[in-house]
Amino acid sequence: MARTVTTQRKTLNTALAWAVGLLIFFPILWTILTSFKTEAQAIASPPIFLNFDWTLENYAIVQERSDYMRFLWNSVIIAGGSTVLGVIVAIPAAWAMAFVPSKRTKDILLWMLSTKMLPAVGVLYPIYLLFIQLGLLDSRGGLVVVLMLINLPIIVWMLYTYFREIPGEILEAARMDGATLKEEILYILTPMAIPGIASTVLLNFILAWNEAFWTLNLTAVDAAPLTAFIASYSSPEGLFFAKLSAASTMAIAPILILGWFSQKQLVRGLTFGAVK
Amino acid sequence: MYLRNALRAATAMTLVATAAAHADTLTIATVNNGDMIRMQGYTDKFTEATGIDVEWVTLEENVLRQRVTTDITTKGGTFDIMTIGMYETPIWGANGWLVPLDGLSEEYDVGDILPAMAGGLSHDGTLFAAPFYGESSMIMYRADLMEKAGMEMPEAPSWQFIKEAAAAMTDRDAEINGICLRGKAGWGEGGAFITAMSNSFGARWFDEEWKPQFDQPEWADTLNFYVEMMNESGPAGYATNGFNENLSLFQQGKCGMWIDATVAASFVTNPDDSTVADHVGFALAPDTGLGKRSNWLWAWALAIPAGTQQEDAAKQFIEWATSKDYIELVAESEGWANVPPGARTSLYENPEYQKVPFAKMTLDSILSADPNSPTVKPVPYVGIQFAAIPEFAGIATQVSQEFSAVYAGQQTVEEALAKAQAFTAEEMEAAGY
């Protein structure tokens with residue numbers, strides 16, 4: 001029997017959800033607002049919320065000083081490349097763990113996740129030396145591989161969780177009908193797990209887009225993505241808050257738009273299998 | 001056969017083109033500050049004159065430090081020129097990681113570099129980095145509030161005077177704090193300030209045997225004085241205030257005095273950003289009568305990492321960027337108040353620059369700082385607000401966190417000093433001192 005929810009409670013829940021949503025979104029809103037202020041207005045105390053002379057000057061300065069499109073393109077290639085490569089590697093791994101588990105599958109999954117617990121700086125020097133030897137410093141290809149490896153445990157975990165929700169009998173039936181392993185994964189499993197794969201792709205694209213340790217330490221000019229673009233406007237000695245906010249808004253705008261348009265898929269994927 | 005020859009020719013052409021492109025482009029790592037950004041705007045002039053292109057990698061100071069340190073210690077070769085400070089230069093020079101800046105042209109006039117700057121950027125008498133701009137620290141104060149408090153700022157005040165003036169200028173109802181000082185954790189933030197201040201109280205980081213000195217009374221005197229004065233006259237939450245937070249407070253008229261980098265003088269006197277631009281006075285950093293003032297010395301300088309393939313082009317750029325001609329170029333376009341300060345003697349002899357209100361006090365502050373003899377007692381290290389040893393940054397970051405915890409009221413001065421002593425002793429022993 002369905003629960004009855006009173007209008008009053010519904011209104012209260014909606015108001016609460018909006019309040020929490022606004023609270024979470026407020027830092028981003030504040031960054032966007034600050035990007036339209038002058039430097040003096042950006043540091044005014046008490047802070048000015050909306051009552052200021054809006055200016056596009058910061059965006060003009062940032063455009064003039066930095067080649068935004070080059071940073072953006074690098075971000076797209078690095079985040080997109082690492083996500084696609086990660087999914088290609090992770091699907092067979094997650095299939096094996098979900099449908100033909102061994103005694104050690106759970107241990108392997110935990111071990112994979114434990115690699116995320118190591119502070120990145122702990123392996124900076126070995127990776128940097130490796131990049132020098134392989135000629136990969138300041139290359140997009142090198143970063144694609146590194147970010148793919150960093151996010152791989154999350155991708156495998158997510159896909160494993162989604163695959164576990166798919167009845168093994170369907171795959172068995174496909175096998176009985178003569179499907180090869182490749183056909184089973186490509187034509188049976190993958191289409192059934194599309195919502196899960198889509199949310200995995202989106203989440204990992206966002207993670208790779210925002211990654212700021214390796215992208216700052218392994219790039220200089222050619223492969224520098226939007227994280228480096230933002231870092232060039234931060235300073236402990238000098239007030240650049242308005243310009244930094246403009247650069248940050250420009251850096252997060254593409255991913256915000258992507259998130260907005262794909263929120264349905266993202267939510268569908270994240271709740272995949274939650275209700276049986 | 002034809003295909004093979006064509007491939008060989010194409011490969012050769014590609015190699016030549018790559019080599020040519022490589023030889024004509026310098027990659028420079030730098031910090032994001034007003035003077036460095038301004039220089040990037042003039043780079044076209046250098047390219048026009050020499051045919052050498054320049055690619056800039058601009059990063060936040062702490063990110064830059066980590067990035068260039070990783071690259072130079074692994075011989076990564078990513079950068080042809082690095083912007084580094086007085087802390088790194090003598091250490092890296094001693095390790096052979098930097099190209100000595102000898103053989104600079106006569107027109108460059110290396111003897112014109114301020115002796116304090118040249119000394120801090122050298123190792124064993126060899127210059128390893130050319131100062132782009134230099135700074136010390138000094139008092140910036142509100143002349144109108146000082147007058148209202150019935151006091152007059154001496155040119156070289158004592159800490160006792162500063163404490164009394166701060167109390168007299170404080171007006172909590174009007175949101176005016178008598179004094180704003182750095183309290184934020186970090187060796188380059190609050191750590192730099194308290195170290196420079198401690199010099200004037202006769203404290204030191206290490207004795208001649210490299211033994212930490214936090215258990216000596218001079219450190220307790222410094223911290224107790226600082227905490228008492230800031231609790232009485234400082235802004236709320238000063239434990240998390242660094243340069244930018246204090247700059248913001250001062251520009252909005254919420255500080256009676258601010259002791260910080262001389263480079264801030266141009267910010268607080270700029271009427272576009274500062275509401276108190278017309279009321280700012282300057283004085284030397286305070287002392288306690290022991291013979292040392294509490295001002296520091298710093299320079300952002302350009303250095304060439306050993307192993308670069310473009311040593312000559314890099315030297316050419318450094319000569320251009322740190323030359324007298326560059327200073328005149330900026331002065332012509334943007335006025336004398338905007339030229340990079342603190343690097344060359346001739347700048348302070350220029351009658352036009354002498355008209356800039358903070359020029360004299362900046363020079364006096366720089367000249368009164370001696371990195372080879374930073375405090376009252378003898379020390380085994382070089383540096384005023386730091387000790388130029390590789391271990392210092394890590395140790396000082398931890399120590400400054402303990403001090404910030406005192407400022408935030410989370411522990412006592414005695415507890416913080418005991419922890420600082422134990423931690424530093426352990427680290428120094430582990431490092432083999």
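In this predicted model, the centres of domain 1 and domain 2 of chain B, taken over C-alpha atoms, sit 31 Å apart. The domain assignment cuts chain B into domain 1 (2-135 + 297-359) and domain 2 (136-296 + 372-430). Where the two meet, 12 residues of domain 1 are in contact with 16 residues of domain 2. On the domain 1 side, helix H5 (88-94) and strand S10 (297-303) of chain B are the elements that give two or more residues to that contact. Sorted by class, this side of domain 1 comes out as 9 nonpolar, 2 polar and 1 charged residues.

Chain A is a helical affair: 14 helices and 0 strands. Its C-alpha trace spans about 70 × 65 × 30 Å along the principal axes, and 33% of its 276 residues are buried. Looking just at contacts in chain A with a separation of 6 or more, 80% come from residues 24 or more positions apart.

Then there is the largest nonpolar core, which counts 184 residues. The members that touch the most others are A:Ala94 and A:Leu159, together with B:Ile81, B:Met140, B:Met257, B:Ala301 and B:Phe317. Helix H7 (residues 140-164) of chain A gives the most to this core, chipping in 14 residues. From chain B, the core picks up at least three residues from each of domain 1 and domain 2. As for A:Leu159, leaving aside residues up to four places away in sequence, its contacts are A:Ala90, A:Ile91, A:Ala94, A:Gly196, A:Ile197 and A:Thr200. A:Ala94 thus turns up both in that list and among the core members that touch the most others.

Definitions and conventions:
Residues numbered from 1 in each chain as written. Chains lettered and ligands numbered in written order. Predicted model: local features only at pLDDT ≥ 70, side-chain atom pairs only at ≥ 80, totals over all residues. Helix = DSSP H or I, 4+ residues; strand = E, 2+ residues; numbered from the N terminus. Buried ≥ 20, exposed ≤ 12 C-beta atoms within 10 Å, placed from the backbone. Contact = placed C-beta atoms within 7 Å. Core = buried A, V, L, I, M, F, W, Y, C linked by C-beta atoms within 7 Å. Domains from an automatic or database assignment. Nonpolar A, V, L, I, M, F, W, Y, C, P; charged D, E, K, R; others polar.
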